[in-house]
Amino acid sequence: MTFKRPYSAGLVVLAAGLFATTAAYAEPTVNKGDNAWMLTSTVLVLLMTIPGLALFYGGLVRSKNMLSVLAQVFYTVCVVTLLWALYGYSLAFTGGSDFIGGFSKAFLMGVTPDSKAATFSVDANISELVYVCFQMTFAAITPALIVGAFAERMKFSAVALFIPLWVTLIYFPIAHMVWYWAGPDAIAGAAKALAAAGEGAAKIAAQAKLDEVMADAGWVNKKGAIDFAGGTVVHINAGIAGFVGCLLIGKRTGYGRDLMAPHSLTMTMIGCSLLWVGWFGFNAGSNLEANGGAALAMTNSFVATAAAAMSWMFAEWMVKGHPSLLGALSGAVAGLVAVTPAAGYSGPMGAIVLGLVVGVVCLFFCTVVKNALGYDDSLDVFGVHCIGGIVGALGTGILVNPALGGSGIMDYATGKIADYDFAAQMVSQTIGVCTTLVWSGIGSAILYKVVDVIVGLRASVETEREGLDITEHTERAYNM
Amino acid sequence: MKIVMAIIKPFKLEEVRDALTAIGVHGLTVTEVKGYGRQKGHTEIYRGAEYAVSFLPKIKIEVAIASDQVEKTIEAITSAAKTGQIGDGKIFVINLDHAVRIRTGEADAAAL
């Protein structure tokens with residue numbers, strides 16, 4: 001960047017030189033390798049949503065509703081991308097309160113090519129703009145996951161209104177609560193200053209400064225809950241919103257009577273595979289640096305996914321008598337969901353166990369529980385994402401234990417791995433899960449009601465019978 | 001003149017066509033249909049949803065022939081389409097009042 005602007009580069013060097021003489025610690029630097037990895041991860045996460053998730057979902061609906069799903073997912077990506085740049089990034093990733101950030105970076109004010117964002121290492125920053133875009137893709141995929149729950153019966157106008165409201169009032173606050181913190185440079189800097197401070201007033205001031213830096217974080221983050229890549233923020237959040245949605249909107253016309261078989265499991269297989277590929281950007285990218293931690297997250301995202309696909313498929317084979325492709329695909333997604341919060345914390349063998357467990361648990365929820373309770377979660381957003389996310393969030397609290405091959409949790413104030421406390425960590429994880437369930441569950445219910453009053457949630461029975469593609473969009477997926 | 005309409009298993013179509021050609025029946029209309037008779041459907045399972053699929057895919061063929069060819073035609077279709085399993089299909093014979101070849105205007109026997 002700076003080579004194109006020699007004058008400003010000169011000023012930066014000059015300023016840095018002056019600064020070095022007055023400040024005790026050097027400014028963190030941006031590593032080009034980390035930046036390159038984060039640019040790559042960002043587009044991989046976009047690939048997850050379009051076309052990955054869109055095809056995964058699209059293949060599961062009837063052919064008359066194929067385009068409605070694709071349109072809803074594509075629309076979600078576009079509208080959230082804009083909102084993220086306008087105010088979403090600022091609300092999620094600036095300080096403010098424990099529950100929501102402020103507007104200091106609204107319209108990306110002050111975020112320039114020279115701006116830096118913290119990673120998980122001291123003195124290793126990335127360009128803030130790549131962090132903005134990386135997190136933007138997370139904000140985009142989360143509401144896109146929800147549309148699977150009310151697929152085949154929601155009006156497009158309702159989706160068009162619900163999505164912007166939902167990301168603004170549910171996603172941005174949750175992302176802030178779970179992921180916002182001052183960063184390693186600020187904490188380590190304050191800790192060093194405290195160590196260097198003598199006795200008396202200087203020490204009290206330094207301690208106050210460290211406390212202030214530690215307090216500059218989201219509510220769930222301060223409670224000690226760990227979520228590497230979005231088990232709570234993305235999956236529980238979307239899963240519970242979908243569950244509430246399918247309850248409020250009601251079952252599809254003909255549910256339980258008509259044949260609602262997936263129209264193309266071929267598409268679903270392509271979409272699922274693209275999700276898996278893209279998920280390496282999601283999980284390994286969430287490491288924010290191209291180092292061993294990213295490699296660990298990648299390894300876990302391989303093995304947990306494979307384990308969950310196998311466990312779902314074999315469990316179904318034992319119970320139903322046949323191994324199904326859709327079972328293997330569903331298990332793979334459940335495994336990816338569960339390993340998301342654990343990706344950088346668990347060891348590979350722990351991730352395999354997590355995958356084996358989540359495959360069976362999600363199968364149980366998508367078949368036994370769903371049929372027993374009789375709700376119509378069209379594409380199992382609750383059974384896979386919410387339940388898989390909870391298994392992952394709680395499993396992360398167990399698997400992070402260094403004694404089980406986990407990485408432990410870094411304490412940036414001491415620069416060492418903190419002692420692992422099972423009970424305390426599980427309480428923290430539970431707080432993270434419950435906060436998300438309550439905030440998203442209640443908040444989404446209110447938003448559905450608001451949208452219902454303004455434009456109406458549900459397509460008419462005639463529209464539904466005819467299919468949303470031709471009635472809502474005046475197009476057909478297949479003209480053959 | 002008669003129309004012989006037969007519902008057969010889809011994979012038997014080529015054998016039936018060959019058998020009809022062998023006895024001098026040229027010209028055949030084929031339609032993909034769904035239905036059920038004594039052969040009940042099957043169950044499809046997608047995650048937790050189980051569907052009893054009672055309409056199975058079949059092929060419907062229709063041939064227009066002279067009345068004296070009916071027995072031969074039924075014989076040819078039966079021997080070619082038979083597997084001995086339930087679901088082999090059925091043959092219906094219907095009277096045909098009139099036939100016209102569009103290109104030439106030829107009528108009835110000359111049009112077949």
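Reader: What makes strand β3 and strand β4 of chain B a pair, and in which sense do they run?

Author: In this predicted model, strand β3 (residues 42–46) and strand β4 (residues 49–53) of chain B are joined by five bridges in the antiparallel sense. Two strands pair if DSSP finds at least two bridges between them, so five bridges meet the criterion. Strands here are DSSP runs of E with at least two residues, helices are runs of H or I with at least four, and both are numbered from the N terminus. Within this pair, B:Y46 stands opposite B:A49. The hairpin has two residues between its strands, and B:R47 takes a positive phi near 50° there.

Reader: How do you know which residues and features may be discussed?

Author: Residues are numbered from 1 along each chain as its sequence is written, while chains are lettered from A and ligands numbered from 1 in the order in which they are written. Because the model is predicted, local features need pLDDT of at least 70 and side-chain atom pairs count only at pLDDT 80 or more, whereas totals for chains, interfaces and linings use all residues. The predictor's confidence in each residue, pLDDT, runs from 0 to 100. Chain B has a mean pLDDT of 94, and 100% of its residues reach 70 or more. The model scores ipTM 0.78 and pTM 0.89.

Reader: Which strands are the edge strands of the four-stranded sheet of chain B, and why?

Author: The open sheet has the order β2-β5-β1-β6, with antiparallel pairing. Strands β2 (29–35) and β6 (89–95) of chain B each pair on one side only, and these are the edge strands. Neighbouring strands are turned by 20° against each other on average, direction ignored. Strands β1 (residues 2–8) and β5 (residues 56–65) of chain B share seven bridges, and one of the facing pairs is B:I7 with B:K60.

Reader: What packs on this sheet?

Author: Helix α1 (residues 13–22) of chain B touches β1, β2 and β5, and its direction makes about 10° with that of β5(B). Helix α2 (residues 70–81) of chain B touches β1, β5 and β6, at about 10° to β1(B). Contact requires C-beta atoms, placed from the backbone, within 7 Å. Axes are lines fitted to C-alpha atoms, for helices over the stretch in contact, and angles run from 0 to 180 degrees between N-to-C directions.

Reader: How do you know that the length of α13(A) agrees with expectation?

Author: The expected span is 1.5 Å times one less than the number of residues. For the 26 residues of α13(A) that gives 38 Å, and the end C-alpha atoms are 36 Å apart, which agrees. A kink of about 30° is centred on A:F365; the bend is the angle between axes fitted to the seven residues ending at a residue and the seven starting there. Just after this helix, A:G374 has a positive phi of about 75°.

Reader: What is unusual about the peptide bond between A:I50 and A:P51?

Author: Most peptide bonds are trans. The bond joining A:I50 and A:P51 is cis, with omega about 5°, and A:P51 lies in helix α2 of chain A. That helix has a kink of about 35° centred on A:G52.

Reader: How many residues does each chain bring to the contact?

Author: Chain A brings 13 residues and chain B eight residues. On the side of chain A, α13(A) gives the most, with four residues.

Definitions and conventions
Contact = placed C-beta atoms within 7 Å.
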